[in-house]
Amino acid sequence: HIQRRDPIMKRTYLVIISAFFAIMVIAIAQTQVSSVNVVGYRKFYVPSNGLSLVSVPFDPVSNGTNSIKTLVGSQLPEGSIAYVWSRANNSYLSAVRAARVGWTGIGSTTVLHRGDGFWLKLPAGLTNVPQVEVTFLGEVPDPAIDQTSLVQNVYGLDLVGYPYPADWAFTNTMLYSNAISSDAIYVWTNGGYQIYMKNARGSWVPSVSSLTIKAGDGFWFKSTNSFDCTDFV
């Protein structure tokens with residue numbers, strides 16, 4: 001014989017099934033939101049006979065902190081040096097790569113925020129390799145929810161970088177739009193500085209129309225007018 005289901009019971013089944021799928025959709029959506037950040041990397045090279053001026057383009061992984069210890073780690077040989085710029089002291093905080101204990105010195109544990117710049121230098125006696133590759137890893141910030149200041153209270157000389165892992169036109173930054181006469185940017189290129197300065201007529205000499213700040217590169221900015229740089233730079 002054929003069993004006939006009660007219409008009320010049938011509607012109950014449909015409600016239960018619909019509720020189950022609704023819960024699954026919500027769970028999937030929450031999973032997708034919680035994994036917005038993506039881990040990225042940036043490679044560069046430290047020359048054996050010079051310095052590299054670099055910066056931090058990533059957020060730390062798993063809500064940790066960025067420092068010379070976490071970013072560079074054991075990628076550079078014993079005797080390598082890092083010079084971390086301290087805005088508070090207007091001076092360098094150094095760190096040295098030791099043989100068995102890793103990085104030592106106050107600069108080794110100094111917290112590095114996105115947009116902070118610093119130098120890396122190989123030991124003087126390293127002559128068997130022309131350069132050493134270093135890779136920075138971290139979480140790619142979401143520009144929609146992770147806005148930050150490049151520099152707070154920009155004044156005088158500051159060692160900074162673009163705090164996002166992308167090349168960016170200097171003319172699209174607040175450093176450019178807030179600059180006044182005598183402000184300047186010092187870009188480290190091939191072992192020396194290329195200096196761009198804004199003159200009294202409002203022009204940059206040489207022109208910065210094609211100047212691009214590369215991801216992970218550091219540079220000096222000199223300001224004579226104190227301001228907060230709060231765009232996503």
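Across the protein chain of this predicted model, the mean pLDDT is 81, with 75% of the residues reaching 70 or more. Confidence varies among the elements of the chain: the lowest mean pLDDT, 41, belongs to helix H1 (residues 7-34), and the highest, 98, to strand E12. Two stretches were predicted with low values. Over residues 1-5 the pLDDT stays under 50, and the model has one contact beyond four places in sequence for these residues. Over residues 7-35 the pLDDT is likewise below 50, and one contact is present in the model beyond near neighbours in sequence.

Valine 54 lies in strand E2, which spans residues 51-55. With a relative accessible area of 2%, valine 54 is counted as buried because this value is under the 20% cut-off. When neighbours within four places in sequence are set aside, the contacts of valine 54 are Phe44, Asp116, Gly117, Phe118, Leu120, Phe136, Gly216, Asp217 and Gly218. A further spatial relation links valine 54 with tryptophan 188: 134 residues separate the two along the chain, while their C-alpha atoms are 9.6 Å apart.

The loop between E2 and helix H2 (68-71) contains serine 62, and asparagine 63 is placed in the loop between E2 and H2 as well. Serine 62 is not a glycine, yet its phi is positive, at about 55°. A positive phi, near 60°, is also found for asparagine 63, again a residue other than glycine. Serine 62 is exposed, its relative accessible area being 59%. Asparagine 63 is exposed too, with a relative accessible area of 78%. Both residues fall in this class because exposed denotes a relative accessible area over 50%.

Asparagine 199 is located in the loop that connects strand E11 (192-198) and strand E12 (204-205). The relative accessible area of asparagine 199 is 18%, so this residue is classed as buried under the 20% cut-off. Apart from neighbours within four places in sequence, asparagine 199 makes contact with Ser181 and Val205.

Valine 205, one of the contacts of asparagine 199, also takes part in a cis peptide bond. The bond runs from valine 205 to proline 206 and has an omega near -10°. Proline 206 itself is situated in the loop between E12 and strand E13 (212-213). E12, the element that precedes this loop, is also the one with the highest mean pLDDT in the chain.

Notes:
Residues numbered from 1 in each chain as written. Predicted model: local features only at pLDDT ≥ 70, side-chain atom pairs only at ≥ 80, totals over all residues. Heavy atoms only, no water. Helix = DSSP H or I, 4+ residues; strand = E, 2+ residues; numbered from the N terminus. Buried < 20%, exposed > 50% of the residue type's maximum accessible area, 1.4 Å probe, protein only. Contact = heavy atoms within 4.5 Å. pLDDT = per-residue confidence, 0-100.
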